[in-house]
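Hello,

Here is the structure we discussed handing over. My notes on it follow below.

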Amino acid sequence: QLSLFRLTTERLFSTSHSSVDSKEMKKFQLLAHKWWDEEGEYSALHSMNDIRVPFIRDTLLNMSSNYHLGNPLSGVKILDVGCGGGLLSEPLGRLGASVTGIDPLEDNIRTADQHKSFDPVLAKRIQYRSSSLEEIVEEYMETFDVIVASEVVEHVADLETFIKCCSQVLKPEGSLFITTINKTQLSYVLGIVVAEKIIGIVPEGTHEWEKFVPPEELERLLESNGFSVKTVNGMLYNPLSGSWSWMESTSINYAMHAVKAGAQGQSSPTDALSEMESEQSSATAGATM
């Protein structure tokens, strides 16, 4: 049975089906040493932490009854896919989570490893590895409580494969957080023309408009792969203040939270319990008649 499983996963994730885009790799290779320069090419990602970290933290706390003061995400296993230099892995680690950061670019992982080593607490909580998502699927089947893919899906070669892999390494009822860019005329003007060519807050050539993903398409892909989409929030970047805020419109950037279906894709444990109780009570009712 295992060899059959291995065969199907190998077929599904063979190199021709990889979600890693080699053209994208070359672009980011040149900037690998710049991740922690808060005024540099990644300044907008640094300031995005001000809204994406609380969004992840508060969503998870609202779903959980366990709360550790000071370490609210203690015991939560998070996979940060396309972690880059660790800009999001580190604040999640500071909240108590146990974080695995993966990135196909070795130079990014080197930068991330070096930076976390300055903080002994983070050094214990975060582990990085240079790998694509497909390469770790077999090793990490249903391992993680949470997957974070922030500013990643607009760079992958095969989005459906990517989402299938996310589902496989997530535990049943696990959470997937995605932030990305919509595919609209406005996102082309602001995300590429203004951001890259005019004010240069993003390195030129970082984004290809064709690869931007509309929220409707992402939602459809997630729902058809066993996820239930819970939240879609619009995000706005203000280049003058260098800050991000939430907004109703998803026409430029947006954040999404989706939850993987429970075991066997059906009911949650609480549903099963209430079903058993109702069966018992109807049986007792039958006996007393």
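**Strand E1 and its neighbours**

E1 and strand E4 (residues 144-150) pair in the parallel sense, over three bridges. Within that pairing, Leu 79 has Ile 147 of E4 as its bridge partner. Please keep in mind throughout that this is a predicted model.

E1 itself covers residues 77-81. Four of its five residues are buried, so the strand is mostly covered, the cut-off for buried being under 20% relative accessible area. E1 also runs parallel to strand E2 (residues 98-103), and five bridges join the two. One of the partners there is Ser 98 in E2, which bridges to Lys 77. Helix H4 (residues 89-94) belongs to this part too: E1, H4 and E2 make a β-α-β unit, and the unit is right-handed.

**Aromatic pairs**

The structure holds five aromatic pairs. One of them is formed by Phe 55 and Phe 177, whose ring centres are 5.7 Å apart. Their planes stand at 85°, so this pair counts as edge-to-face, the cut-off for that class being over 60 degrees.

Where do Phe 55 and Phe 177 lie? Phe 55 is in helix H3 (residues 43-63), while Phe 177 is in strand E5 (residues 170-181). The pair therefore ties together parts that are 122 residues apart in sequence.

Both rings belong to residues that fall under the 20% cut-off for buried. Phe 55 is buried with a relative accessible area of 10%, and Phe 177 counts as buried at 3%. Trp 246 joins them: ring pairs link Phe 55, Phe 177 and Trp 246 into a cluster.

**Positive phi values**

Two residues other than glycine may be worth listing for their backbone angles. Glu 142 has a positive phi, near 45°. Glu 142 is found in the loop between helix H7 (133-136) and E4, the strand that pairs with E1. At 42% relative accessibility, Glu 142 counts as partly exposed.

The other is Glu 173, with a positive phi near 70°. Glu 173 is found in strand E5, which also holds Phe 177. Is Glu 173 buried or partly exposed? At 37% relative accessibility, Glu 173 counts as partly exposed, whereas Phe 177 of that strand is buried.

**Surface patch on H9**

Which residues form a nonpolar patch on the surface? They are Leu 186, Tyr 188, Val 189 and Leu 190, and together they have about 310 Å² of accessible area. Val 189 is found in helix H9 (residues 185-198). Val 189 has a relative accessible area of 39% and is partly exposed. That value is over the 30% relative accessible area asked of patch residues.

**Val 232 and Ser 249**

Val 232 is found in strand E6 (residues 227-238). With a relative accessible area of 29%, Val 232 is partly exposed. In sequence, Val 232 and Ser 249 are 17 residues apart. In space, C-alpha to C-alpha, Val 232 and Ser 249 are 9.7 Å apart.

That is the set of findings for this handover.

Regards

Notes: Residues numbered from 1 in each chain as written. Predicted model: local features only at pLDDT ≥ 70, side-chain atom pairs only at ≥ 80, totals over all residues. Heavy atoms only, no water. Buried < 20%, exposed > 50% of the residue type's maximum accessible area, 1.4 Å probe, protein only. Pairing = 2+ DSSP bridges. Right-handed = clockwise from strand over helix to strand, strands pointing away. Patch = residues over 30% accessible without salt bridge, like charges linked within 9 Å, V, L, I, M, F, W, Y side chains within 5 Å. Areas by Shrake-Rupley, 256 points an atom, 1.4 Å probe, with all protein chains shown as cover. Salt bridge = Lys/Arg side-chain N within 4 Å of Asp/Glu carboxyl O. Phe/Tyr/Trp six-rings, centres within 6.5 Å; stacked < 30°, edge-to-face > 60°.
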